[in-house]
Amino acid sequence: MMAGIPTSKLLTLDAAHVQRFIEQIFHTAGWNAADSRIAADCLIGSDRAGHASHGIGLVPMYVDTIKAGRLKPEWTARVIKDDGPFVVIDGRRSLGQVGARDATLKGIETARQHGIALVNLIDSHHVGRIGHYGEMVAHAGYVGLFWVNVHGRKPTVVPFGAREPRFSTNPHCVAIPRQGADPFLLDFATAEMAVNKARVAHAKGEKVRHGTLLDHAGRPTDDPGVLWENPRGSIAAFGLHKGSGMAIVCELMSAALGSGPMVADQTEAGAILNNMMGIVIDPARMATGEEPIEAATDRMIDWVKSAAAADGVPEVLTPGEPEQLNRARLGTHLEIDPATWGEIEKAALSLGVSAEAIPHRLG
Ligand SMILES: NC(=O)c1ccc[n+]([C@@H]2O[C@H](COP(=O)([O-])OP(=O)(O)OC[C@H]3O[C@@H](n4cnc5c(N)ncnc54)[C@H](O)[C@@H]3O)[C@@H](O)[C@H]2O)c1
């Protein structure tokens, strides 16, 4: 299952074909071939990892933002501080997947030189799934820590003890390398539920866990429809006061530290904007013993997985495994719900992408 949709109701497509199609959408909108490929690769990677909320389903919203003149191909990120391990890149609201990839590569290069890098991409357009950048860092043999805020639109997430929203789904990610295996990857939003996951439940007429969402008066509810009412409902921060505190940490680490915009600045840009703070660590520079971090991580994962599974749980999983299992299950395919696919087709055609570029459905 993906995002609560029974797999039998999903469309199956060839992932490589979809990749070319999504690239073509960005290219038709004016981005060069390399940047179009980077954006498509990140979005499809999110679907393949099982996070449709940050996958190609975002394309229609991106196209609307482009048409409104709030995301332009000529806008590019630029380095505004390069001082030893300290790097700040002004995203200048440019295509986030490109700015975040460049920032991550710069972080890896800086950590190679200094043992550690603090790389802060500020005021970028939406960067997508943060685990994508965590995986880049871990695959290069480094440890990555990321804090991200969301601004540019009205907040959706309610602080603990409040009844109106003050921040958004602010994600946090930790990636640790392993030898010959996909990394340990903890990558989550600090909200109880992604807006897109609520949208899916609402479309199917399903309820969500009581208290995940709040109605416009701040009363806990199980009705996902409150997010589409006027006045609008909101989402609870995850883990009571702990997740709420973590969401504030995401604001302070990603924005306050490198002088980017915080949600408190109420930027109201009519687009989803992110600041992303990454700390990249060379584990070899930290070690005092013989065992490399990859081996220690394997031992820790084996230890956790050796715990007897709870009733009804087939296997104890560790962070990163659900994404690996989803990719293995999909093979060369991609799954998407028909309504979202229809919106992507419509957005592509509206930009002038040829109907012949639309991938055939395999099932
Ligand atoms: N750019 C943005 O503005 C933005 C904002 C919010 C979220 N996001 C992205 O949205 C994506 C989804 O976030 P989410 O909070 O819905 O994710 P989620 O609730 O599915 O949690 C994902 C994390 O939990 C781990 N996990 C899941 N099931 C597990 C299990 N059974 N056992 C052990 N570990 C398990 C996963 O490996 C992963 O690390 C993330 O990739 C995040 O980066 C981006």
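Trainee: How far apart do the C-alpha centres of domain 2 and domain 3 lie?
Mentor: This is a predicted model, in which local features need pLDDT of at least 70 and side-chain atom pairs count only at pLDDT 80 or more, while totals for chains, interfaces and linings use all residues. Residues are numbered from 1 along each chain as its sequence is written, and side-chain values use heavy atoms, with hydrogens and water left out. Domain 2 covers 75-191 + 237-285 + 292-316 and domain 3 covers 192-232, with bounds from an automatic or database domain assignment. The C-alpha centres of these two domains are separated by 26 Å.

Trainee: Which three residues supply 60% of the area that domain 2 buries against domain 3?
Mentor: Buried area is the accessible area (1.4 Å probe) that two parts lose on being put together, summed over both. For domain 2 and domain 3 this is about 570 Å², with 56% on carbon and sulfur atoms. The 60% share on the domain 2 side, more than any other three residues give, comes from Thr156, Arg163 and Ala191.

Trainee: How many residue pairs in polar contact does the rule find across the interface of domain 2 and domain 3?
Mentor: A salt bridge requires a side-chain nitrogen of Lys or Arg within 4 Å of a carboxyl oxygen of Asp or Glu, and the rule finds 0 of them across this interface. A polar contact is a pair of N or O atoms within 3.5 Å; within protein, one must be able to donate a hydrogen and the other to accept it, and residues adjacent in sequence count only if both atoms are side-chain atoms. For residue pairs in polar contact, both at pLDDT 80 or more, the count is 1.

Trainee: What lies 2.5 Å from an oxygen atom of the ligand?
Mentor: A polar side-chain atom of glutamate 323 is 2.7 Å from a ligand oxygen. At 2.5 Å from an oxygen atom of the ligand is a polar side-chain atom of aspartate 187.
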